[in-house]
Amino acid sequence: MEITNQQLETLRVERGRKNLTISSLAQQLGMSRYTMGNIINGKTNGLRTETVHKINSWLTANVHPTKEVANNE
């Protein structure tokens, strides 16, 4: 399973807006900093469904309500 380019860009923007390190973002999402670093840097060829759901849940909870985040299910 993969996240969309829009989801990835939104994740990057929100990480910057909240001034989060990769480690702190990974901790909030419940995954390793290694995995989060690969996601942020676009170095994934596929993710576990559970990982994508964690990202979607975090984005839904943290993105401004007027923005839409595509759900790639």
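Which residues line the largest pocket? The legends below address this question and present other close-up views of the predicted model.

**Figure 1. The largest pocket of the predicted model and its lining.** The residues that line the largest pocket are Glu-2, Ile-3, Thr-4, Asn-5, Leu-8, Ile-39, Gly-42, Thr-44, Asn-45, Gly-46 and Leu-47. The volume of this pocket is about 150 Å³. Sorted by class, its lining comprises six polar, four nonpolar and one charged residues.

**Figure 2. Overall arrangement of the chain.** The secondary structure consists of four helices and zero strands. Read from the N terminus, the order of elements is α-α-α-α. The chain has 73 residues, of which 33% count as buried. Among contacts with a separation of 6 or more, 67% are between residues 24 or more positions apart.

**Figure 3. Glu-2 in the segment before helix 1.** Glu-2, one of the residues lining the largest pocket, lies in the segment that comes before helix 1 (5-17). Glu-2 has a relative accessible area of 46% and is therefore classed as partly exposed. In sequence, Glu-2 and Thr-49 are 47 residues apart, while in space their C-alpha atoms are 8.3 Å apart.

**Figure 4. Asn-19 in the loop between helix 1 and helix 2.** Although Asn-19 is not a glycine, this residue has a positive phi of about 55 degrees. The loop that holds Asn-19 lies between helix 1 and helix 2. Because its relative accessibility is 69%, Asn-19 counts as exposed.

**Figure 5. The crossing of helix 2 and helix 3.** In general, a pair of packed helices is described by the angle between the axes and by the distance between them. The axes of helix 2 and helix 3 (residues 33-40) come within 8 Å, and they cross at roughly 110 degrees. Helix 2 is therefore roughly perpendicular to helix 3, since angles of 65 to 115 degrees are placed in that class. On the side of helix 2, the residues that meet helix 3 are Ile-22, Ser-23, Leu-25, Ala-26 and Leu-29. Their counterparts in helix 3 are Arg-33, Met-36, Gly-37 and Ile-40. By class, the residues of this contact comprise six nonpolar, two polar and one charged.

**Figure 6. Ser-23 of helix 2 and Gly-37.** Ser-23 is found in helix 2 and is among the residues of that helix that meet helix 3. With a relative accessible area of 38%, Ser-23 is partly exposed. Ser-23 and Gly-37 are 14 residues apart in sequence, and the C-alpha to C-alpha distance between them is 8.3 Å. Gly-37 belongs to helix 3 and takes part in the contact with helix 2.

**Figure 7. The crossing of helix 2 and helix 4.** The axes of helix 2 (residues 22-29) and helix 4 (residues 49-62) come within 10 Å and cross at roughly 100 degrees. Helix 2 is thus roughly perpendicular to helix 4. In this contact, helix 2 contributes Leu-25, Gln-28 and Leu-29, and helix 4 contributes Lys-54, Ile-55 and Trp-58. The residues involved divide by class into four nonpolar, one polar and one charged. Leu-25 and Leu-29, which take part here, are also among the helix 2 residues that meet helix 3.

How values were computed: Residues numbered from 1 in each chain as written. Predicted model: local features only at pLDDT ≥ 70, side-chain atom pairs only at ≥ 80, totals over all residues. Heavy atoms only, no water. Axes fitted to C-alpha atoms, helices over the stretch in contact; angles between N-to-C directions. Parallel < 35°, antiparallel > 145°, perpendicular 65-115°, else oblique. Contact = heavy atoms within 4.5 Å. Nonpolar A, V, L, I, M, F, W, Y, C, P; charged D, E, K, R; others polar. 1 Å grid on protein atoms, 1.4 Å probe; cavity = no way out; pocket = protein on both sides within 12 Å on 5 of 7 lines; lining within 4 Å. Points joined across faces, edges and corners; volume = space filled by probe spheres on them. Buried < 20%, exposed > 50% of the residue type's maximum accessible area, 1.4 Å probe, protein only.
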